[in-house]
Amino acid sequence: MGAPLSAWPWEYLGSYKYVLFGPLIWKALYSIMYEDVLPMQSWCLHVLIICALRGLIYQLWNSYSNMLFLIRNRRIIKQGVDFKQIDAEWHWDNFIILQGLIASMACYLVPYLQDLPVWNPKGLITCMVLHVGVSEPLYYWVHRRFHANDFYQNYHSLHHSSSVPQPFTAGNATFLEDLILTVIIGIPILGSTLMGFGSIGIIYGYFSVFDFLRGLGYSNVEVISHKLFEKIPFLKYLLYTPTYHTLHHTEKGSNFCLFMPLFDALGNTQNQKSWELHKEMSLKAGINGNVPDFVFLAHVVDLTSHMHVPFVFRSFASIPFSFRLFQVLFYPPGILVCLAMWAWAKTFLITFYNLRGRLHQTWAVPRYGFQYFLPFALDGINNQIEQAIIRADKLGVKVISLAALNKNEALNGGGTLFVNKHPDLRVRIVHGNTLTAAVILNEIPKNCQEVFLTGATSKLGRAIALYLCRRKVRVLMLTLSTERFQKVQKEAPAEFQSYLVQVTKYQAARNCKTWIVGKWITPREQRWAPSGAHFHQFVVPPIFHFRRDCTYGDLAAMRLPDDVEGLGSCEYTMDRGVVHACHAGGVVHFLEGWTHHEVGAIDVDRIDLVWDAALNHGLKPVSSSKVHSLTGGGLLFEPRLAGYGGRRKEFRRRMAFGSRTFRRAFLPHGGAREAATGLGLQLGRRPTERDRSGGEQRPDGGGLATENF
């Protein structure tokens with residue numbers, strides 16, 4: 001059992017805690033609609049607006065402090081914010097709820113507070129005097145007491161458990177601490193009101209300034225120039241800086257003030273390095289920061305997922321992406337952002353983490369998935385990727401890995417275009433598809449004798465087919481192009497060519513229980529699979545989980561090593577700590593120190609080598625705890641048989657506007673329309689004679705294989 005008043009009374013409510021605002025909302029609506037009270041006269045409405053405004057201030061500060069493309073050289077503590085800290089700060093806004101409820105009780109118990117004027121200039125002076133004369137010294141004294149052994153261990157240690165100060169860290173405290181903070185905040189407001197100088201403007205203004213300065217101190221970004229304090233030296237006693245407050249979190253025994261270092265000076269608790277370090281951080285603002293060793297070059301997927309980044313909603317980005325209803329509100333501004341990025345933006349930094357003392361970053365090309373299918377936009381996209389590669393080369397980046405559509409075969413030949421154009425590049429360009437193929441092959445049961453492969457002549461499909469035929473696995477390659485099939489077949493050793501079989505219709509796989517999907521297939525086409533079949537896939541977006549009597553694999557991915565540090569965001573729909581296989585492939589390339597470019601066609605002979613290297617470096621298959629070898633010492637195989645129920649949010653995500661747009665781009669032959677209607681008109685429908693005759697089979701028509709990614 002914890003210390004008294006350390007736990008929050010509504011802790012058991014979780015995210016449903018906002019129902020505590022229900023009575024206020026009801027009272028505000030009732031008084032306006034039925035009591036003819038003007039909105040400006042509704043104290044309940046004012047309390048709600050102030051709470052929302054306060055939350056917005058902290059959210060804006062948090063967004064700014066995570067805009068690494070703007071502030072990476074101004075960051076005070078360089079390490080990243082990890083999942084542990086994000087989870088600990090999940091309910092950072094508890095203090096806003098607490099103070100909102102107390103404010104509403106005060107208004108109810110003291111009717112005078114309900115009839116305050118809009119503005120009273122005398123209240124401004126009174127509020128400032130009370131803040132400086134009472135709130136500041138009281139906070140300083142209480143804060144020092146909370147750093148005493150018992151109080152620190154039972155209460156304040158929670159606040160200091162966050163290793164990197166963030167605006168949300170301000171709210172990571174116990175119930176008792178925020179009760180005391182409520183008193184400290186309330187003294188200037190209530191005091192000036194009781195003196196007869198209170199006003200609505202003072203309340204709004206004081207809360208706004210208080211939260212703005214608090215967010216500033218916790219931002220971990222030095223935004224105040226040292227020149228300001230050189231011109232006005234006395235200002236050092238009136239206003240703290242982010243560096244000043246960060247020193248309190250790193251060394252704990254100094255810099256206890258609320259906003260005014262004057263009280264640290266008077267109490268002899270000011271850290272002697274405060275202003276020297278502040279000047280150092282201010283001077284470094286224009287200098288390039290740490291150079292990454294590895295860069296993963298991603299792009300925006302669609303209008304729904306573009307909010308899945310730490311500088312928009314940190315908590316949302318820390319869990320696997322799935323569509324949420326609130327995202328609909330952000331579609332209009334999202335469209336404007338999309339257009340603005342298209343017109344003006346350049347490749348920018350999104351996230352980073354550290355692995356074995358090396359800095360790994362994710363950069364984003366400012367383009368959305370649908371733009372990769374607009375012929376007039378391709379040159380601009382390639383230019384963006386090329387400029388990112390040149391920039392990485394100049395910085396001294398060792399490896400840059402191309403993600404998703406940035407390595408589209410039709411766009412740049414899987415990176416070949418840039419290698420040929422810039423033969424003297426020091427940075428190694430990697431598409432990561434070798435490890436992607438290895439992950440997919442690792443999921444195939446060790447006793448498998450036959451597979452059905454769509455997207456069979458694509459880059460990944462070719463590699464998978466050639467690898468499996470060498471293991472004497474019969475591969476049914478779905479393609480209408482005999483020429484492309486024969487080209488792949490001729491690459492196989494003569495004794496294994498017979499294991500590659502061309503098929504042109506889905507019904508050829510009616511008895512095959514291992515489907516490897518490299519082209520998007522509709523629910524109707526999935527019906528040709530026998531009961532108990534498993535769908536492995538390397539197609540984006542993933543296919544619908546339509547068959548309840550079958551199982552579905554996820555996109556190829558691997559879990560980063562356990563010693564990764566500072567990782568606090570999920571990579572699209574991947575679980576925490578899991579990255580797409582192409583990302584992992586770039587990491588392995590860097591860790592191994594390989595000096596070749598991995599572009600163009602996949603070298604089938606390197607699949608085992610890359611897989612073994614990944615395992616040796618601590619990367620783990622997402623779905624298996626143990627692996628079995630298909631041959632004596634070759635690639636490891638085990639079926640993915642668990643976890644398919646965990647994708648229940650997929651349908652909602654796919655139905656979002658942005659995902660529909662993206663899917664249409666992937667299905668140029670009408671597959672998007674069929675996929676949508678298939679869920680309605682064709683659900684539960686058995687294959688018709690027309691289906692059996694192959695009238696609408698499109699083996700090469702739907703979707704885009706992720707080998708192009």
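In this predicted model, two arginines are found over aromatic rings. Arg 471 lies over the face of Tyr 467, 4.1 Å from the ring centre. A similar arrangement joins Arg 606 to Trp 594, where the arginine sits over the ring face at 4.7 Å from its centre.

Ring-to-ring pairs also deserve a look, and the count of aromatic pairs comes to 36. One of them brings together Trp 26 and Tyr 30, which are stacked with 5.1 Å from centre to centre and 20° between the planes. Both residues belong to helix 1 (residues 22–34), and because they are four residues apart there, about one helical turn separates them. Trp 26 is exposed, with a relative accessibility of 56%, while Tyr 30 is partly exposed at 33%. Another stacked pair is made by Trp 342 and Phe 376, whose ring centres are 6.2 Å apart and whose planes meet at 10°. Here Trp 342 comes from helix 15 (residues 331–344) and Phe 376 from the loop between strand 3 (358–365) and helix 16 (378–395), so the pair ties together parts that lie 34 residues apart in sequence. Trp 342 is partly exposed, with a relative accessible area of 28%, and Phe 376 is exposed at 64%. Aromatic residues also gather in a cluster formed by Phe 313, Phe 316, Phe 321, Phe 326, Phe 330 and Tyr 572.

Turning to the strands, strand 1 (residues 294–299) is a good place to begin. Six of its six residues are buried, so this strand is largely enclosed by the rest of the structure. In a regular strand, side chains alternate between the two faces of the sheet. In strand 1, Phe 294, Phe 296 and Ala 298 point one way, whereas Val 295, Leu 297 and His 299 point the other way. Strand 1 runs parallel to strand 3, to which six bridges join it, and Val 295 stands opposite Gln 361 of strand 3. Four bridges connect strand 1 with strand 4 (residues 399–402), again in parallel; the bridge partner of Phe 296 in strand 4 is Ser 401.

A further sheet is open and has six strands in the order 8-7-6-9-10-12, with parallel pairing. Its edges are strand 8 (500–503) and strand 12 (551–552), each of which pairs on one side only. Helix 21 (residues 482–491) packs on this sheet, where it touches strand 7 (474–478) and strand 8, and its direction makes about 170° with that of strand 8. Elsewhere in the sheet, strand 6 (residues 450–453) and strand 9 (residues 514–517) run parallel and are joined by two bridges. Leu 453 stands opposite Ile 516 of strand 9.

Ile 516 appears again in the largest nonpolar core, which has 59 residues; Ile 516 is among those with the most contacts inside it, together with Leu 435, Leu 468, Leu 500 and Ile 607. Helix 20 (residues 459–470) provides the largest share of this core, eight residues.

Finally, a histidine in helix 6 (residues 121–146) is worth a visit: His 143. With a relative accessibility of 6%, His 143 counts as buried, because the cut-off for a buried residue is under 20%. Leaving aside residues up to four places away in sequence, His 143 touches His 156, His 248 and Phe 256.

How values were computed. Residues are numbered from 1 along each chain as its sequence is written. This is a predicted model: local features need pLDDT of at least 70, side-chain atom pairs count only at pLDDT 80 or more; totals for chains, interfaces and linings use all residues. Side-chain values use heavy atoms; hydrogens and water are left out. Two strands pair if DSSP finds at least two bridges between them. Contact means heavy atoms within 4.5 Å. Axes are lines fitted to C-alpha atoms, for helices over the stretch in contact, and angles run from 0 to 180 degrees between N-to-C directions. Rings of Phe, Tyr and Trp (its six-membered ring) pair if their centres lie within 6.5 Å; planes under 30 degrees apart count as stacked, over 60 as edge-to-face and the rest as tilted. Buried means under 20% relative accessible area, exposed over 50%, partly exposed in between (1.4 Å probe, protein chains only). A charge sits over a ring if NZ of Lys or CZ of Arg is within 6 Å of the ring centre and within 35 degrees of the ring normal. A nonpolar core is a set of buried Ala, Val, Leu, Ile, Met, Phe, Trp, Tyr and Cys residues joined through side-chain atoms within 4.5 Å.
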